[in-house]
Amino acid sequence: MKTLETCNGASGSNEGKNRCDEEMVKCRRYEMILRIMGLIFTLVAAIVAGSNKDTESVAISLVDGLPPLHLTLTAKWSYMSSTVYFVAVNAVACAYAAISMAFIALIGGSRGRNWKGSILVVALDLTMVALLFSANGASASIGLIALNGNSHTQWHKVCYAFKRYCIQGGAALVISMFGSFFFFCIVLLFTYNLHRTTLNY
């Protein structure tokens with residue numbers, strides 16, 4: 001109650017307004033830091049996943065008792081639609097983080113009054129969170145099949161042959177999860193900041 005009264009100017013003093021302005025500036029600073037971290041992690045995830053390629057010699061046994069055939073096979077990120085989606089979503093999230101930082105810098109001083117712009121940014125932030133979590137889920141499900149296979153559908157595991165490909169794909173997934181976490185924190189912080197600015201104005 002004390003914070004609300006101070007921000008609403010119930011005391012009628014400049015000290016309360018200054019304190020509220022300082023808290024808003026601090027929230028914007030934290031938000032920019034989170035957006036920078038989200039940009040960095042989604043950019044790295046897109047690069048790591050988009051450059052994932054591995055060529056190995058795989059032994060395939062066609063008939064029992066005969067020597068296996070050694071075939072040179074290639075695993076590439078573009079061969080799986082889930083990985084293509086993963087790279088595309090992380091690239092979009094990275095580009096959005098950069099654009100949103102520029103937009104926030106432009107309306108920073110009047111952000112509390114510019115509620116339409118604030119609502120737009122919140123909606124896009126939520127969209128990025130949803131896209132990132134869906135891309136991470138799709139990539140993780142395919143990764144588990146590549147790691148363990150699926151006996152019910154006769155899908156064989158492939159990570160025993162393409163170890164480097166699976167390790168790099170797993171690293172990209174972990175990095176993207178961190179990026180998703182930063183975008184989720186942005187939504188929480190931005191919603192809190194929007195609530196405070198709504199009370200102020």
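In the predicted model, residues 84–107 are 100% helix and 0% strand, and the C-alpha atoms at the two ends of this span lie 34 Å apart. Residues 119–147 are likewise 100% helix and 0% strand, with a distance of 42 Å between the end C-alpha atoms. Both spans belong to the UniProt annotation "transmembrane region", taken from an unreviewed entry, which also covers residues 32–51 and 167–192. The chain as a whole contains five helices and two strands, and these elements follow the order α-α-β-β-α-α-α from the N terminus. Of the 201 residues in the chain, 35% are buried. Among contacts with a separation of 6 or more, 74% are between residues 24 or more positions apart.

Two asparagines illustrate how polar side chains are accommodated in this arrangement. Asn 90 is located in helix 3, which comprises residues 81–107, and its relative accessible area of 0% falls under the 20% limit, so the residue is classed as buried. A polar contact is formed by the side chain of Asn 90, which reaches the backbone oxygen of Phe 86 at 2.9 Å. When residues up to four places away in sequence are not counted, Asn 90 touches Thr 42, Ala 45, Ala 46, Leu 132 and Ser 176.

The second of these residues, Asn 52, occupies the loop between helix 2 (14–50) and strand 1 (53–60). Asn 52 is also buried, with a relative accessible area of 3%. A polar atom of the Asn 52 side chain lies 2.9 Å from the backbone oxygen of Tyr 165. Leaving aside neighbours within four places in sequence, the residues in contact with Asn 52 are Ala 75, Lys 76, Trp 77, Arg 164, Tyr 165, Gln 168 and Gly 169. Tyr 165 thus appears both as a contact of Asn 52 and as the residue whose backbone oxygen lies 2.9 Å from a polar atom of that side chain.

The cysteines were examined next. One disulfide is counted in the model, and it is formed by Cys 159 and Cys 166, whose sulfur atoms are 2.0 Å apart. The torsion about the S-S bond of Cys 159 and Cys 166 is about -90 degrees, and the disulfide is therefore left-handed. Cys 159 has a relative accessibility of 12% and accordingly counts as buried. Buried positions are also found for Cys 94, with a relative accessible area of 11%, and for Cys 185, with a relative accessible area of 18%.

The largest pocket has a volume of about 640 Å³. It is lined by 28 residues, of which Ile 142, Gly 143, Ala 146, Tyr 165 and Cys 166 are the closest to its centre. Two of the residues closest to the centre of the pocket, Tyr 165 and Cys 166, recur from the preceding descriptions: the backbone oxygen of Tyr 165 lies 2.9 Å from a polar atom of the Asn 52 side chain, and Cys 166 is a partner in the disulfide with Cys 159. At least two lining residues are supplied by each of strand 2 (69–76), helix 3, helix 4 (115–148) and helix 5 (163–200). Helix 4 makes the greatest contribution to the lining of the largest pocket, with eight residues.

Terms used:
Residues numbered from 1 in each chain as written. Predicted model: local features only at pLDDT ≥ 70, side-chain atom pairs only at ≥ 80, totals over all residues. Heavy atoms only, no water. UniProt positions renumbered as here; feature names shortened; annotations may be inferred. Helix = DSSP H or I, 4+ residues; strand = E, 2+ residues; numbered from the N terminus. Disulfide = S-S within 2.5 Å. Buried < 20%, exposed > 50% of the residue type's maximum accessible area, 1.4 Å probe, protein only. Polar contact = N/O pair within 3.5 Å; in protein donor to acceptor, adjacent residues only side chain to side chain. Contact = heavy atoms within 4.5 Å. 1 Å grid on protein atoms, 1.4 Å probe; cavity = no way out; pocket = protein on both sides within 12 Å on 5 of 7 lines; lining within 4 Å. Points joined across faces, edges and corners; volume = space filled by probe spheres on them.
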